[in-house]
Each structure stands twice: as C-alpha cells, then as structure tokens.
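User: I'd like to go through this model and check the labels against their definitions. Can you walk me through it?

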Amino acid sequence: MATADMPSSSGTYIMLTPTSTDVGAVKPPVPSSELVARKWAAATASKRKSRHSRELKEHVTVSARTASLHTKEPDPEDDLDPTDTDRSSELLDGDDAASGAEHDHGADLDDLYDLEDEDAFGSFPTYVCELHDPKPILVAEHIEYNRVDIAPFEPPASPSADGAASKKKTRYVGSHSAALFQYEISVGPMQEIFECTPAQVLEVYKALSKDPAIAEQLRFLETNYFRDGLVGSFKRLYVSRAKLSEEMMEVLEAISDVDAVLSHAAYLELIGAPRGSLVAREIGNLLQHHTRTPRSDPASTCMCDAYYKSVDRFGAFYKEQAASAGNPERFSTVASESLMWSRGVLSFYTDTVYLLDKREFRPTRGLNKCAIYGFGRRKLFEIVRTSRKEWSVRHFHYGELYTLRLDRYMHRMKTRHMVAIRRKVPDLQHGGLRQENVCFVKKSKTLGYRCLLMGEVISRGKVTTSISIEHPKSPAGDTHYHYVTMSEVSGAAREAVCSSTLSVPADYRKHLQRLHVCGGSDVVAFLALAASYDILVGALAYWMEKNSSTTTSSSSPLSPMATADVVAQLERAFPNLHVLKYKALATLQTKLRDIDSSHATFKHYADRLMRLLAEEGLAACASESATIVTPTGDSFTGLLPVERVCAVSIIRAGDSLLDAVMACDPSVTVGKILIQRDEQSAEKSPIMYYSKLPPGVSSFENVLLVDPMLATGGSVLMAIKTLIDAGVEEHKITFLNVISCPEGVETLFAAYPNVKVVTAGVDRGMNSHKYIVPGLGDYGDRYYNTVG
C-alpha cells in the first residue's frame, strides 16, 4: 500500500504523487482513450496470464493423477526404492514440476505480459477485496477469486434433439417456459452438472428475495427476463432460448455470489447438492475461507473494515465540525487524515471502486435516489432528491455533505442548463462548517460534458486547476461506456492525470454503474460529478416534481396526453422512439377521441392522421441520399424513398393503417398477422391465430409493422417475434401506431431495444382494465363501423 508523510501544518498540501524535478515543465496530457485502452489491454493480458496459470495447474494435476494410476505397487522382494517408482506427491506438492511445466509451456510469457506491469492510471494500486466485493468488480478489475462459477453445459447435439428444437421454435406462447437447461457448477476443485428450468430458477430467486437476510445482498442483481409481474411474463414468452439461458446463468451466478445463499436449502436443492455431498462440502470450505479477517488470519488481504471505518471517520469529522468540537485524536490507516481535517476531503492512498445503484435515479423514476456501495457491498453514501431543483449527497450515517442544484445560464441568447455542485467545508476562522462552490457541470451537443472549476478539488494528492470530462471510445471487446475525468494538477510540473472513470454497461444493466476513483483524489467530489451526468441528460424534465400536486389535484383536469416532459423523457430513454409533433395532430386527435363523432367523421379524420403517420414511417426507412437537378437548374441534395418495403398489418385494426401506407407507396409488399387479446384474462394475454408473410421477407431492408394502438404491448411483441423467427433482423423493423402509452413503450423497448417506433401520440397511461386512457375507444370497431 502506498504511504505518505503527514505534514505537520494543516495548511500544507499532502503530496501523494511524485513531483517532477523539471521545474516549469508541462507534461503533455495522455488522451483518455489511450488510458482506457491501456488499462483494458493490461487487464486482458492479466486475464490471459491467469487463465494460462490455471490451465498449467490443471495440466500438472492431471499428469500427477495419470502417473499415480500407472504406478504399480512395489514388490517387497524388489530392491527398488519407493521414491524411484512413485513421485506423484512431488508433482503435487513440489515446485519443480510446476516450474518445469512453466518452462515448457510459457517460457516467453514475460514478453507477452510486459503491459501488465504498466499502470494505466499511475502508480497507485487498486483496493479490491477478493473475499467480499461482488464478482462483477473482481471480473472488471481482473482479480483472481475463489467463488462459485456457473457456466452453460452444452452436450453434443443429436439429430433428434435438433428436430425437437426446430419444433419448439414454432411455438409462440411459453416456448421455453418448461425447457431444461444444463449448467456446470465449479466450487474449488469440484465440478458438477445440474439441470433446471426457468420456472425453477424464478421460484428460487423469489424465495431468496423474500428472506430479509438475503434480499439486501441481492440488490446488485438486475434482471431483464426474470422480472416479476406483467412485464416479466411478457418478456419470458417471446425471448429466444439462447438469451433466456444467458440470463439464467447470470441470475445463478449472481445469487451464487452471496454467501448467505450458498447454504440456503432452496439453492442447494436447485443445484442438486444435498447436504453431505462433495459439492456441499466444498461450499462449506468456501464459506469458511470467506470468514477470514486480518484478526483471525494474518495472511488475509481483506481491509474492508479499515476502509469502511475511514468513511465512518469522515462522517464523524463532519459531525464534530458542525458542533464546533475541539480537535479530537487523529488516526490514519488508509485515508489521508491531513486532507480530512484541513479541507474536509475523503482521500485514500489507493485507487478505490464504488458501485452506483441508479435504478431509482433515472428520468422515469423522478431521479429520486442513488445509493453508493463499496468495500464489501456496504452502503457508504446516497444521493437523494430534496426539491424540484436540488439533490443532497449524504453520508450513510452523518447526513448531508454536498448539494447538487439544477440551474440555468445564458449562452448566445439561449437558456441552457447546468448543475451547480456545492459542499460543506471546515471554517477554520470561525469554526463549524461553511458552504462553498465546487464546480459547475454543463452539457452541450457539440462539446459534450464540461466542468467549470470554482473551488478546491484534490486529484492525485495535488490541487486541481481544471477538470475536463471526456467520453473516449471503448476498446474492442469492452461492453461498457466510459466517462473519464482528466484533472490538470499543480506542482513543480503541471500535468493532466486521470482522476476517475465511470463505467456504464451498454445493456439493460446500465443503471448499475462502477466508479473507479484514483488514489489521492476527492472521493465525494467525483461521486457528485458522476451523478451530475444523469441530471443533465434530461434537464428539462427535472424541473417538475414526480408527484406534483398540480397533476393530481381534483381542481384541475388531467391532461389527456402525456405531458411534453414525459414524452421527452421517453425519447431520451429510448432513442428509437419518434413521437410526431405536428400541430395538425391536435385537431385530428380531438375529433377521433370525441364519443359523439359519427363513423364517417371518425374515418375521415383517421385517414388524414394515418396518412401523416404513414409518410413519417416511410421517411424513417429512407437512408440513401441523392443529388438531383431542379427545374431552375440548381442542385438539391436529399433522401430517396425506399423502393423495397414490406408492410405487415396486425389484423383487423392494422389494416386501416396498412391502407394509408399503400396509398403513399402502392408498391409495398404486404403481410398479415392475426393476433387478438384475450379479453377474459386479467393481463389481456395475446393469442396467435394466423400468420401469412411474403416469401423472402428476411431479404427486405425495411419492414413496417402497423397497428393503431399500443397498450400492454402483448400483440406487438408476439408480432415482432413472428417476424424475427421468419429471419427479419430486429433493427430492420419499424412499428407504426396511432396512440401508445408509456407502459407499452417501455415493455416493447425492454424486449426489443433495436426496433424503431413511430407514433402519433402518447397517452397518459392504462386503467385497471388495461385500456389506454383517455384513449379513443376500440379503433377497429369505430373505423369499420362495428360498434355494438
């Protein structure tokens, strides 16, 4: 662990990084993309080296077992020494065989792994606890660990199995709900194969979530197809076998990462490991290994308690400062006590990693709360919304440390948004605490995120003169987006160093993020910066309270449509969603919604609206640009209409929208799908009756799926699955509809995020009967004049 000399005066800065002897020199900054690439390359090399060492160990073990099997018992009459015929124990216990094997299999490894010795972020080590940190952190940091590993087991496929698989593929409802999946569980030297169904895994997961002692440990598990309720049931109906198996493995891995789960009866029954079995014994040995602490075992590397107590000490410092207490006894274990007491800065001597749970810190949840964990899954801080424009960064025990406020500023006669970050610092003159500005964070389309530094921030143990926020391109194979803060620090030679990196998963787990704060940097300041990104993503929507009384008061009528802020939130959350914003739609939708509109009136205004929608849907397919000559002799560059388009309607209401598409482009190829809701079921489950798609539908670059209403999303999900099963790629599908609701939009994009959606309006939501409100009634009945 890095150490530093404590300055005797509280007014001097602690220097945790080497200073240059070249006075006045300015070191050229290393691009953030290069830093991320170097770290990824070093981690990949480390992973390959670890895998090679593991394969080498297995090779030595197998060789030893083979040697022991082929060794015959020594004859008492023979004069041979036993050591001449049986040296298996030397292979297992000695280092000579291992070193010899290393020489045979990896003599040139040093050249291959030179990059591993380079620290892309400087000379600070990273503290990660192999015993207590979640496995995703260990995997991300490429730390060797002793945990339960679960991997899919795929036996050789037989022709009969292939035939059964093809038959299963044609089923539409619950195609994999009872299918058996095989997995291999590895605990220490033991490997076993077990079988389970999705229903069994879901039941075990739900049972574990109800256990108060375990539920808190499962908070880092983010599921997609294994959600409970209506959304989860729809997703499991239409997911492919491969995706379902992949998430099942992730769920099994996540619950196996919790020590309290490993000894749970439901879990042991699921993996087929009754008490007393070899796997259960190895699990017991693993749990005993995880209970080691520096007090019980001097060889233990766990220092979670020391780091956690430093965070606790940080909160106690603020409490004492607020009470204007005297100078209590100081201690320094892993954090800089000098920076804490002189400037109110929590700064560790090592790089540290934090998990940010932002599932309640998203636009659709009102940015209510972000929980921050670290050092063995312990809660350290939280960011809570306190008013329309303010959020509070709080210590888990003490209370408020920082505040985030959404403000506006003028730029070129336009109002833009920024986040003002303020903190409490020790008032050395009058005692207690005082407020000071730290920085302003802005975001623009051209420049991205920017940070205007207003106060003192410590990066790498030095005073920071400026901070830049960069979004480098992720290396090949890295499934995360990265936001890197580069700090220009003062010293004998000014230089730009990496102070923090926020890693955001690119899949549905994007709200469980990882923040890597470099050693000697202000932890809480960079946590606040990481939260400001989310606030700026949809700044316009954050000016309204989620449960504002203005939207629920009985004195003011509810808006029939989702507000502009809600629509903006949906479009930001789902980039493939496009909501039409023509002024003409207001009058057209009013006539469609009016219960007194006759059939002729409804059909007339519906045709006008659907013509606009059809044109917009065909325009979404246009991708080829061309330059033409106008009658005036001038040139014009625009987009050409797509020639080969397939339009598929969901019978019967979808046929009305199909007619509008054909009126705009008579050359479209037509397909039909008949899906109806089961009105007798509580969830309005869809039922497939008929499907007729044109031959070679998979060859079309654009497939328009048309249906006027998007409520629960069941029908459109089944229709999309039908197209995908026919070979149509997900990103080639565009769904056109007249009226949708937020629940249906979220359900659709949760299952198929690459499908494009073009809608003429988003209503307020659904009622208890799963009907869109305020809605416009049964679209098909009103259009075809079959209202009962």
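Analyst: Sure, let's start with a sheet: 3 strands form an open sheet in the order 1-2-3, with antiparallel pairing. Bear in mind that this is a predicted model, where local features need pLDDT of at least 70 and side-chain atom pairs count only at pLDDT 80 or more, while totals for chains, interfaces and linings use all residues. Residues are numbered from 1 along each chain as its sequence is written, and side-chain values use heavy atoms, leaving out hydrogens and water.

User: What makes strand 1 and strand 2 a pair?

Analyst: Two strands pair if DSSP finds at least two bridges between them. Strand 1 and strand 2 (residues 181-187) are joined by 4 bridges, so they pass that cut-off. Within this pairing, Pro152 stands opposite Tyr183 in strand 2. Strands here are DSSP runs of E with at least two residues, helices are runs of H or I with at least four, and both are numbered from the N terminus.

User: Why are strand 1 and strand 3 called edge strands?

Analyst: Strand 1 (149-152) and strand 3 (190-196) each pair on one side only. Neighbouring strands of this sheet are turned by 30 degrees against each other on average, direction ignored. Helix 11 (residues 241-256) packs on the sheet, touching strand 1, strand 2 and strand 3, and its direction makes about 30 degrees with that of strand 2. Touching means contact, that is heavy atoms within 4.5 Å; axes are lines fitted to C-alpha atoms, for helices over the stretch in contact, with angles from 0 to 180 degrees between N-to-C directions.

User: How do you know that Val463 is buried?

Analyst: Buried means under 20% relative accessible area, exposed over 50%, and partly exposed in between (1.4 Å probe, protein chains only). Val463 has 17%, so it counts as buried. Val463 sits in strand 13 (residues 462-470).

User: And why is Thr734 called buried?

Analyst: Thr734 has a relative accessible area of 0%, so the label holds. Leaving aside neighbours within four places in sequence, Thr734 is in contact with Val703, Leu704, Leu705, Lys756 and Val758.

User: What makes a set of residues a nonpolar core?

Analyst: The members must be buried Ala, Val, Leu, Ile, Met, Phe, Trp, Tyr or Cys residues joined through side-chain atoms within 4.5 Å. The largest one has 61 residues, of which Phe348, Tyr354, Leu404 and Ile421 touch the most other members. Helix 17 (residues 523-537) gives the most to this core, with 12 residues. A second, separate core of 37 residues includes Ile150, Tyr205, Val279 and Ile283.
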